[in-house]
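Biologist: Could you walk me through this structure and explain the terms as we go? I am new to this.

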Amino acid sequence: MMKRKATRIFLRGFLAALMLSAVLAGAASAAPAWKFNGEELTSPEKVVGAAEKSGLTIPGMTTTCENFLYTIVVSNKSGTGEGSITELPLYNCTTNTKCTVVAIAAEKLPWVANLSTISTKNYIVIKGIKVSILYGGKLCAINGVTAEVTGSAGGWLDNTTESATFSPTTFSTTKTELRMLENTVEWNGFFPTEAFEWHREQALSVS
Amino acid sequence: MAQRTGPERFLGSLLKAAGAGLIPVLVAAVLLGLAGCGGGSDAQTTANAESKTTTQSPSVSNKGKQGHLTSEAEQAGAASRVEAAGAARGSGKHGPAVAAPKGEEEPEITPQQREEATVASISFSSPSLPKTESVAVLPADYTCDGANKWPAFSWSGIPAGTKEVALLMMNTQPVDEKLFFDWAIAGIDPSSDGIGAGELPAGAVVGKNSFGRNGYSICPPKGKAETFMLLLYALPKPLSSKQGFDPLELREEAERQAGNAGLMAVSYAR
């Protein structure tokens, strides 16, 4: 009887210890931080980036912008990386139809971003995205129509290339979604990054 | 009662533990343990960062004030920052270069353009078509390879004050430098929330499509795939369209009225 009680007490203690270690390990992996030259960022840093040929596909039509710039202020809060996208100017946008892009702009900035680790890979998840596009052209099926793309986007952060990649795969992994009304919008882009302020030219990584 | 071996005793204890409500704790612990396995990446990514750091020239390991660009550049927009960062970049630049943009920045939509534009705000879908995350493929029954009847459509979010609803379907790519209309319906009651497959709502009229028919037809050339855009217009002023009306005129009037619209794309390959 005494032996069984001792075994039960041992098992409870063992499981409690296992839970505690798992919680600590889980927290460490789920909360990556911004690092420059391998050192954790201690104060906010402005990072600029530019993607080439990034495309937003609304059903039936892809809008491609030759350049897709952005400014994101990155910081770590309690060991977790976060960010705030403050600018997103777009350059030379066209479509794969007869529609022209009369105007296009990122709206409701800043957009908030958070870092997370999913299955050993690090991701940036941007929320509150809103891009308005006005299409034009006499031979454009949606001439004079403004479309709004809203939602969230998850991109894979690759430390070796210091870039964020957005694709249907990264959207699916991060359970993020961009929509235009009830239609899913696809966003593909490769965004190299570069610190602009105190950590200029330092290697940017996330871990 | 037979004497139990060590493993049997352990299993027996586990079963007892289940009775004591420890199994949920065990399950939670295993799940959390699995989540913790992701921690392996940290070491890997840190190693990546460290290996990159060591490949940099000492000149780029600057930190602090000397790494900061001019306040003018900082205050300027993202493009100026990218250019300034490029100009100030040392030889030890890591990763891919962030290229300065070419050409002009796209303009924002002006208040006047917003006022004159048709806003895509109406939820518009088809219960006849397979659910898909992208462009739905029309089943053959809704093309000239089948009954060539229009699918059912449903909508919601028609703004208050709408006097008439109209529907246009056209190829996304023009034919012979002209818009190609496959289907047009005007005079739909704004209080309605849909249209049945092949059914013309009471009071509505059908326009003459680009095949020269008063009706619907999806019939790309054999061996060709086409994408079609459907626009559901909520018009603030009533039209007086008659059977066989010109869809181009309806479209131009809809553009002038600058109401709201629902958008949808479908495709078909023959």
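Modeller: Gladly! Let us start with a contact: two residues are in contact if their C-beta atoms, placed from the backbone, lie within 7 Å. In chain B, 72% of the contacts with a separation of 6 or more are between residues 24 or more positions apart. This is a predicted model, in which local features need pLDDT of at least 70 and side-chain atom pairs count only at pLDDT 80 or more, while totals for chains, interfaces and linings use all residues. Residues are numbered from 1 along each chain as its sequence is written, and chains are lettered from A and ligands numbered from 1 in the order in which they are written.

Biologist: Why is A:Ile72 called buried?

Modeller: A residue is buried if 20 or more other C-beta atoms lie within 10 Å of its own, exposed if 12 or fewer, and partly exposed in between, with C-beta atoms placed from the backbone. A:Ile72 has 26 other C-beta atoms within 10 Å, so A:Ile72 is buried. Among the residues A:Ile72 touches are A:Val47 and A:Ala113.

Biologist: What makes B:Asp176 exposed?

Modeller: B:Asp176 has 6 other C-beta atoms within 10 Å, so B:Asp176 counts as exposed. B:Asp176 also has a positive phi of about 50 degrees although it is not a glycine.

Biologist: And why is B:Asn148 called partly exposed?

Modeller: With 17 other C-beta atoms within 10 Å, B:Asn148 falls in between the two limits, so B:Asn148 is partly exposed. B:Asn148 has a positive phi too, of about 55 degrees, and is not a glycine.

Biologist: How do you know that strand 4 and strand 7 of chain B are paired?

Modeller: Strands (E, at least two residues) and helices (H or I, at least four) are DSSP runs, numbered from the N terminus. Two strands pair if DSSP finds at least two bridges between them. Here 2 bridges join strand 4 (residues 153–156) to strand 7 of chain B, so they pair, running antiparallel. B:Phe153 stands opposite B:Ile195 in strand 7 of chain B.

Biologist: What makes strand 2 and strand 7 of chain B edge strands?

Modeller: The open sheet has the order 2-4-7 in chain B. Strand 2 (123–125) and strand 7 (194–195) of chain B each have a single partner strand, so one side of each is left without a neighbour in the sheet.

Biologist: What makes the bond between A:Leu109 and A:Pro110 a cis peptide bond?

Modeller: Look at omega, which is about 0 degrees for the cis peptide bond joining A:Leu109 and A:Pro110. A:Pro110 lies in the loop between strand 7 (100–106) and strand 8 (111–118) of chain A.

Conventions:
Lists of a residue's contacts leave out its neighbours within four places in sequence.
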